Amino acid sequence: MPTGSEVNKCKAALNINGKNYHYFAINTGDINTKNSIFRLPISIKILLENLFRHQNGNPNAIAEISALVNSAGKSSRTEITYYPVRVLMQDFTGVPAIVDLASMRYELVKQGFDPQDINLKTRVDLVIDHSVNVDKYSTPAAFKQNVNIEMERNKERYRFLKWGQTAFTNFRLVPPGTGICHQVNLEYLANVVNSETIDDQCLLYPDTLVGTDSHTTMINGLGVLGWGVGGIEAEAVMLGQPISMQIPDVVGFELIGKLLEGITATDLVLHVVQLLRKHGVVGKFVEFYGSGLTHLPLADRATIANMAPEYGATCGFFPVDQQTLAYLRLSGRSQASIDLVEEYCKAQGMWRDETSVVPDFSENLRLDISTVEASLAGPSRPQDRVSVPQLKYATENFINLSGKTVTLPPVSNCSEPSRTVIDQPLPESPLKHGDIVIAAITSCTNTSNPSVMLAAGLLARNAINKGLTTPPWVKASLALMVQE
């Protein structure tokens, strides 16, 4: 962390609950652009604070700060230096990264150097979730049985990761059976605002990250700036190297109104994806604002932020507000940490409420969420949204796939809900062509949202009450955060 008079002149003091803190105030310094900073998108303010905090050692810091401040409401080709606070990994992408680091250490030993010279400079959290398979299902004991099977099946991999946790600094391992990495990140790993003692001062700064999974963006729903990167880029950050990135355009997406009863976050996100894919947001930040956020709980925000790869944006960011604090309280964060988040964000102009000034965005979109209707994702792409009232028409006549019209066979009555209209038995098998064999609720888009999970449970209950059953060959699974 940089120190010295060059950085200290940008520092300000903040007293929270009788304790003194310091932070890099982005509305101070040599550049007299306070009014421009005031109207920056909050996601850009987080990048700006990052530049202020790391300006020592960066000869281009002043030029980059100036370019970032002046980017409000317009495009910029200037590249800036960005140091994420931490890295999030899941096991499929994390194991190769730790193998690379171990290989570097092995080579250092061969050449007579200290292997400790290869170490993690940035905090890394690796959540084991992708390697867990569903061997047992549809019984109360299935969860524990699957975890035990996986511990035996992947014990060599897990031992290696356990070694990595003891061998490298700043490396934490979350064991299998805990939940999907993005949900663990949302409920447990994210601080929103970090507190760190440096040179006898308690320094506050925004929590930021990159992840080796494209849906790392789910954390944007909590007001934490983060997105997915490739393995090589993540390893560089782990070793303390910055990311070089072009100043992004920020598309402002205004939400007004309130979801109608019975309309879920999934319905809302399908509308958002459709609008943003049509508008074009590849390589851009999307920042949500407007009065609709007051009525949009954190779980719904996480669902929208999670789908950033589907609508093509680098991230879909929601500023910190009262809904954020309510979620922090719900997920067990201490009141002291919640107060810290609120006071810091207000001091830095990173707080959203009904009186907030609308930032200067590069482009603007608007959606009245009270107009959102029940929908289904398209048959191959989520942007091919089909509203429930139009479902019969879509299935009986045509579905547009990638711009091509595909005619479907006519729909006939079917006595069993798991069967399709095509009734062609396979040789020596009870299955028929088109039978459902896997029924899984595993996507972080679904499991991040309690209301969607409750809706699925109510649907299952009603199906059972009507006498519907699942054929014995259907493998059913549910993956979500487990807290004991």
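**Cysteines**

I began with Cys202, which at 11% relative accessibility counts as buried, where buried means under 20% relative accessible area, exposed over 50% and partly exposed in between, with a 1.4 Å probe and protein chains only. Cys315 I also noted as buried, at 0% relative accessibility. How many disulfides does the structure hold? I found zero disulfides, taking a disulfide as a pair of cysteine sulfur atoms within 2.5 Å.

**Ground rules**

I am reading a predicted model, in which local features need pLDDT of at least 70 and side-chain atom pairs count only at pLDDT 80 or more, while totals for chains, interfaces and linings use all residues. Residues are numbered from 1 along each chain as its sequence is written, and side-chain values use heavy atoms, with hydrogens and water left out.

**The chain as a whole**

I recorded 17 helices and 21 strands in the protein chain; these are DSSP runs numbered from the N terminus, helices being H or I with at least four residues and strands E with at least two. Of the chain's 484 residues, 48% count as buried. I then looked at contacts, meaning heavy atoms within 4.5 Å, and among those between residues at least 6 apart in sequence, 73% join residues at least 24 apart.

**Nonpolar cores**

I looked next for nonpolar cores, each a set of buried Ala, Val, Leu, Ile, Met, Phe, Trp, Tyr and Cys residues joined through side-chain atoms within 4.5 Å. The largest has 94 residues, of which Leu47, Leu48, Leu204, Leu222 and Leu225 touch the most other members. Helix α3 (residues 42-53) gives the most to this core, with seven residues. For Leu222 I listed the contacts outside its neighbours within four places in sequence, and among them are Leu186, Val192, Phe318, Tyr327 and Arg333. A second, separate core has 26 residues, including Phe288, Leu296, Ile304 and Tyr311.

Leu186 also turned up when I went through helix α8 (residues 181-189), as one of its buried residues. This helix is mostly covered, with eight of its nine residues buried.

**Aromatic pairs**

My search of the whole structure found eight aromatic pairs, counting rings of Phe, Tyr and Trp (its six-membered ring) whose centres lie within 6.5 Å, with planes under 30 degrees apart called stacked, over 60 edge-to-face and the rest tilted. Trp227 and Phe285 have ring centres 5.5 Å apart and planes at 50°, so I entered this pair as tilted. The pair links distant parts of the chain, since Trp227 is in strand β10 (residues 225-228) and Phe285 is in strand β13 (residues 285-289), 58 residues apart. Both Trp227 and Phe285 are buried.

Tyr289 and Phe361 form a stacked pair, 5.2 Å centre to centre with 25° between the planes. Tyr289 lies in strand β13 and Phe361 in the loop between α14 (335-347) and β15 (363-368), so the pair ties together parts that are 72 residues apart in sequence. I have Tyr289 as buried at 11% relative accessibility, and Phe361 as buried at 5%.

Ring pairs also link Tyr82, Trp227 and Phe285 into a cluster. I followed Tyr82 to its strand partner and found that it stands opposite Ile243 in β11. Strand β3 (residues 79-82) and β11 run antiparallel and are joined by four bridges, where strands pair if DSSP finds at least two bridges between them. Strand β11 (residues 243-246) has Ile243 and Met245 on its covered face, and Ser244 and Gln246 on its uncovered one.

**A hairpin with positive phi angles**

I turned to strands β7 (residues 193-198) and β8 (residues 201-206), which pair in the antiparallel sense over six bridges. The bridge partner of Glu196 in β8 is Leu203. The two strands form a hairpin with two residues between them. Asp199 has a positive phi of about 50° although it is not a glycine, and Asp200 likewise has a positive phi of about 65° without being a glycine. Are the two buried or exposed? Asp199 counts as exposed at 54% relative accessibility, and Asp200 is exposed with a relative accessible area of 79%.

**A buried asparagine**

My last entry is Asn449, in the loop between α16 (444-447) and α17 (450-465). Asn449 counts as buried, at 0% relative accessibility. Leaving aside its neighbours within four places in sequence, I have Asn449 in contact with Ala265, Ala299, Asp300 and Thr303.
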